[in-house]
Amino acid sequence: QVQLVESGGGLVQAGGSLRLSCAASGSTFSINTMGWYRQAPGKQRELVATISSGSTNYEDSEEGRFTISRDNAKNTVYLQMNSLRPEDTAIYYCNVVMRWGLRSYWGQGTQVTVSS
């Protein structure tokens with residue numbers, strides 16, 4: 001079982017930046033993919049970005065503003081968000097997928113609010 005602890009969310013002005021962190025603990029040996037999703041009020045949860053040992057994957061409209069990175073030694077995934085816009089306001093969820101996609105885990109979410 002994997003536990004995910006998220007941090008870095010908060011309130012920021014439009015044009016500002018935030019760096020989200022998600023640290024995994026527990027049975028981290030079999031982690032394959034780590035990533036971030038978000039859910040805005042009234043909308044379904046959507047992909048922001050994922051990262052595995054071989055590739056990164058971004059929601060097309062966000063690539064360039066957002067950067068995902070990973071520190072395997074710390075079992076931590078980061079999401080650097082720049083040039084934030086009010087429409088980026090959402091709860092951001094950390095996600096971990098185990099090897100072969102057999103298991104997945106979700107963090108509790110961290111609120112990101114961008115004011116205009």
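This section describes a four-stranded sheet, a disulfide, a nonpolar core and one loop residue in a predicted model.

The sheet is open and contains four strands in the order β1-β3-β8-β7, with antiparallel pairing. Its edges are formed by β1 (2-7) and β7, each of which pairs on one side only. From one strand to the next, the twist averages 15°.

The pairings within this sheet can be followed from β1 towards β7. Strand β1 is joined to β3 by six bridges, and the two strands run antiparallel. Within this pairing, S21 of β3 is the bridge partner of S7. Strand β3, which spans residues 18-26, is in turn joined to β8 by six bridges, again in the antiparallel sense. Here L18 is placed opposite M81 of β8. Six bridges also link β7 (residues 66-71) with β8 (residues 76-81), and this pairing is antiparallel. R70 faces V77 of β8 across the pair. Strands β7 and β8 constitute a hairpin in which four residues separate the strands. In the turn of this hairpin, N75 adopts a positive phi of about 50°.

The edge strand β1 shows an alternating arrangement of side chains. V2, L4 and E6 are directed to one face and are buried, whereas Q3, V5 and S7 are directed to the other face and are not buried. In a regular strand, such alternation between the two faces of the sheet is the general pattern for side chains.

A search of the whole structure identifies one disulfide. The bond connects C22 and C94, with an S to S distance of 2.0 Å. C22 belongs to strand β3 and C94 to strand β9 (residues 90-98), so the disulfide ties together parts of the structure that are 72 residues apart in sequence. The torsion about the S-S bond of C22 and C94 is about -85°, and the disulfide is therefore left-handed. Both C22 and C94 are buried.

The largest nonpolar core comprises 28 residues. Within this core, the residues with the most contacts are L4, W36, I68, V77, L79, M81 and Y92. Two or more residues are contributed by each of β1, β3, β4 (31-39), β5 (46-51), β7, β8, β9 and β11 (110-115). The largest share, five residues, is provided by β9. Several of the residues named above recur in this core: L4 is one of the buried side chains of β1, V77 stands opposite R70, and M81 stands opposite L18.

The surroundings of L79 were examined with its neighbours within four places in sequence left aside. On this basis L79 is in contact with L18, R19, L20, W36, V48, A49, F66, T67, I68 and Y92. Among these partners, W36, I68 and Y92 are listed with L79 as residues with the most contacts inside the core.

Outside the strands, S27 is located in the loop between β3 and β4. Its relative accessible area is 39%, so S27 is classed as partly exposed. When neighbours within four places in sequence are left aside, S27 is in contact with Q1, V2 and M98. Of these partners, V2 is among the buried residues of β1. S27 and M98 are separated by 71 residues in sequence, and their C-alpha atoms lie 9.7 Å apart in space.

How values were computed: Residues are numbered from 1 along each chain as its sequence is written. This is a predicted model: local features need pLDDT of at least 70, side-chain atom pairs count only at pLDDT 80 or more; totals for chains, interfaces and linings use all residues. Side-chain values use heavy atoms; hydrogens and water are left out. Two strands pair if DSSP finds at least two bridges between them. Axes are lines fitted to C-alpha atoms, for helices over the stretch in contact, and angles run from 0 to 180 degrees between N-to-C directions. A disulfide is a pair of cysteine sulfur atoms within 2.5 Å. Buried means under 20% relative accessible area, exposed over 50%, partly exposed in between (1.4 Å probe, protein chains only). A nonpolar core is a set of buried Ala, Val, Leu, Ile, Met, Phe, Trp, Tyr and Cys residues joined through side-chain atoms within 4.5 Å. Contact means heavy atoms within 4.5 Å.
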